[in-house]
Amino acid sequence: MFGLPGGENAEVLEAMRQQGLEFVLVRNENSAVFMADATARLTGKPGVALTTLGPGAANAYCGLANAYLDRAPMLLLTAQPDSRIVARHTHQVIDLQAIFRPISKMTRELTNVETRQVIMEALRLTMAGRPGPVHLGISSFMAGQTVIDGRVETEFTVRMKKPSIPDAGAALELLTNARRPIIVAGVGLEPEKPYDALRRLAEAAQAPLIVTPKAKGTLSDDHPLSVGTFGLTHSDPAYEIIGESDCIVAVGFDVVELVRLWDQDQPLIWVAPWANEDPKLPNIKHEFVGSMTPILEQLAQINLNPQHNWGETRVASFHREQIQNRLPAPAVGRLLPQTVLDILRRHVPRQAVVTTDVGSHKIFYALTWPTYTPNSYLVANGLSAMGMGLPSAIAAARVTKETAVCITGDGGLAMVMGELGLLRELDLPVIVVVMNDNALDSIRSAQLRRGKPVFGTEFVNPDYAKIGQAFGIDYYRLGDEYACDEAVRTAVTAKCPALIEAMIDPAGYPTTPRRAAGS
Ligand SMILES: Cc1ncc(C[n+]2csc(CCOP(=O)(O)OP(=O)(O)O)c2C)c(N)n1
Ligand SMILES: [Mg+2]
């Protein structure tokens, strides 16, 4: 459990201590939610965060909204005003059920009646259908009560609905007759993780596979059918292949991940743990709702004409590098984000978890960071809340016990800088790479693209060497290209907390107008 308690949580903390449960004390409640989210994704089990009532719960709001739109199975336990005195006592009282209702699958007060059952139901609900957060409020009065509970259930299970297999024949026919089928895969692959079945289907159907940011790594980027990522901008290169396709198999696909309106009207086969209804996509010919593996396996029975090799041929001729080609050339004294990416990819182990925060750097990394294994790239995408990168990397290193890398904007790091203290305490091998451009670059870029003056989007960074020193974390500075390689190699091999400051030129981001160079 990750959290930051208030006095009202004292009984809960004491119960946890007595039970020998681990509690990770964060510096800001949002971080606890981000950590619970990342932990859930990497373990396949719901994550849990704890806060106090009023201010703590309000502080966690952004994280919970982020978990809701990122379909993350997690439980938020907050303290809760005591209903016996709320009519007379208003200090720190806000209606938590009302504020959490729009961003949770369920929100309610936990009492001492049927407590276990409610908790088991809450945990089950986080993972069922379209996963998401559940909120339970516990007043300090209730937390001190003895549980009155008939049924004792200590395990919860999630049973996926069986898909409606009878339709598979017709779907198979549609796929067999398609000349240019593609697969788009998204956030809904979790928690079932049907990666192997998906790869077999792509290979059997010769279908290029395109992923959303949260599904990066589903198919290794060096697989001949991997097209790459889309969803970040209105003109991501992968839209080229999507536009050419005549049949789309959408697997765990959720348009919450796309900044561009989904306007494709090719026939589509929907395979997901939840129904096509929020929002309803057009032209769905076949809909399979429930466990994805059985239907993917059935579709992989496709009997293709061996001449049909559209997938591999098309991906081979697809210029994934076209983004890089739009970027400026490196020069002495100028560090491009592209150079930082290349050096990191050279030294960071293939399976290591990499997180990005939100901003110009996220768009660039989500589009171009080569990813080789599922869930080795974590990103906030549905809500795209800044501040997710560092807590998620700490959670990832905690789960995997391996090096994790957080690539963050300087704006995003400033929001969660206190968590460097947590990182030092946990002493985990997390490498924080801060892209120093003294700006909310992605917002400044929006101003420049609209021909507006830069206003309200630049700031002065702290002395990161001193920040590293103050938190007791190794510090490295990447100035120009030539000194970088050795610094990154040393940081990665040291296997301890590190802060790398990259003095980048944001004009190297594909979404940043060149005019921003040096501004
Ligand atoms: C919590 C939150 N606040 C504001 C935003 C809007 N926003 C999106 S990107 C961005 C700028 C991020 O700046 P920085 O972290 O320095 O990254 P850069 O764009 O410079 O790479 C902002 C303010 C957001 N997504 N999340
Ligand atoms: Mg910045």
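This report describes a predicted model, taking its metal site, its bound ligand, its empty spaces and some details of its backbone in turn.

## The magnesium site

The magnesium ion (ligand 2) is held by three donors, namely Asp410 (OD), Asp437 (OD) and Ala439 (O), which coordinate the ion at 2.1 to 2.2 Å. Written along the sequence, the spacing of these donor residues is D-x26-D-x1-A. Aspartate 410 belongs to helix α17 (residues 410–416), whereas aspartate 437 sits in the loop between β16 (430–435) and α19 (441–449), so the pair ties together parts that are 27 residues apart in sequence.

Are these two aspartates buried or exposed? Aspartate 410 has a relative accessibility of 1% and therefore counts as buried, and aspartate 437, with a relative accessibility of 8%, counts as buried too; the cut-off behind both statements is that buried means under 20% relative accessible area.

## Around ligand 1

Ligand 1 is surrounded by 18 residues, and the closest of them are Ser360, His361, Ser384, Asp410 and Gly412. Asp410 in this list is also a donor to the magnesium ion (ligand 2).

Several contacts to oxygen atoms of ligand 1 can be described in detail. A backbone N or O atom of glycine 411 lies 2.9 Å from an oxygen atom of the ligand, and for glycine 412 a backbone N or O atom lies 2.8 Å from an oxygen atom of ligand 1. Aspartate 437, by contrast, uses its side chain, in which an N or O atom is 3.2 Å from an oxygen atom of ligand 1.

## The second largest pocket

The second largest pocket contains about 460 Å³ of space. Its lining is made of 26 residues, of which Gly359, Ser360, Ile363, Ser442 and Ile443 lie nearest the centre of the pocket. The elements that give two or more residues to this lining are α15 (360–368), α17 and α19, and the largest share, six residues, comes from α19.

Sorted by class, the lining of this pocket has eleven nonpolar, eleven polar and four charged residues. Ser360, one of the residues nearest the centre of the pocket, is also listed among the closest residues to ligand 1.

## Closed cavities

Rolling a probe the size of a water molecule over the atoms shows where empty space is left. In this structure there are six cavities of 30 Å³ or more, and the largest cavity has a volume of about 90 Å³. The residues lining the largest cavity include Asp37, Asp70, Arg71, Glu190, Pro191 and Lys214, and by class the whole lining divides into five nonpolar, no polar and six charged residues.

Some of these lining residues can be followed further. Arginine 71 is placed in the loop between α4 (61–69) and β4 (74–79), and at 8% relative accessibility arginine 71 counts as buried. Its phi is near 55 degrees, which is a positive value in a residue other than glycine. Glutamate 190 lies in the loop between β7 (181–185) and α9 (195–205) and, at 11% relative accessibility, counts as buried; the side chain of glutamate 190 also makes a polar contact with the side chain of asparagine 375 (3.2 Å).

## Details of the backbone

Where do cis peptide bonds occur? One joins glutamate 190 and proline 191, with omega about 0 degrees, and another runs from aspartate 278 to proline 279, with omega near 0 degrees. Proline 191 is in the loop between β7 and α9, while proline 279 is in the loop between β11 (268–272) and β12 (284–289).

Lysine 495 has a phi near 55 degrees, a positive value in a residue other than glycine, and this lysine lies in the loop between α21 (481–494) and β18 (498–502).

Technical notes. Residues numbered from 1 in each chain as written. Chains lettered and ligands numbered in written order. Predicted model: local features only at pLDDT ≥ 70, side-chain atom pairs only at ≥ 80, totals over all residues. Heavy atoms only, no water. 1 Å grid on protein atoms, 1.4 Å probe; cavity = no way out; pocket = protein on both sides within 12 Å on 5 of 7 lines; lining within 4 Å. Points joined across faces, edges and corners; volume = space filled by probe spheres on them. Nonpolar A, V, L, I, M, F, W, Y, C, P; charged D, E, K, R; others polar. Donors = N, O, S within 2.8 Å, 3.2 Å for Na, K, Ca; no water. Helix = DSSP H or I, 4+ residues; strand = E, 2+ residues; numbered from the N terminus. Buried < 20%, exposed > 50% of the residue type's maximum accessible area, 1.4 Å probe, protein only. Near = heavy atom within 4 Å. Polar contact = N/O pair within 3.5 Å; in protein donor to acceptor, adjacent residues only side chain to side chain.
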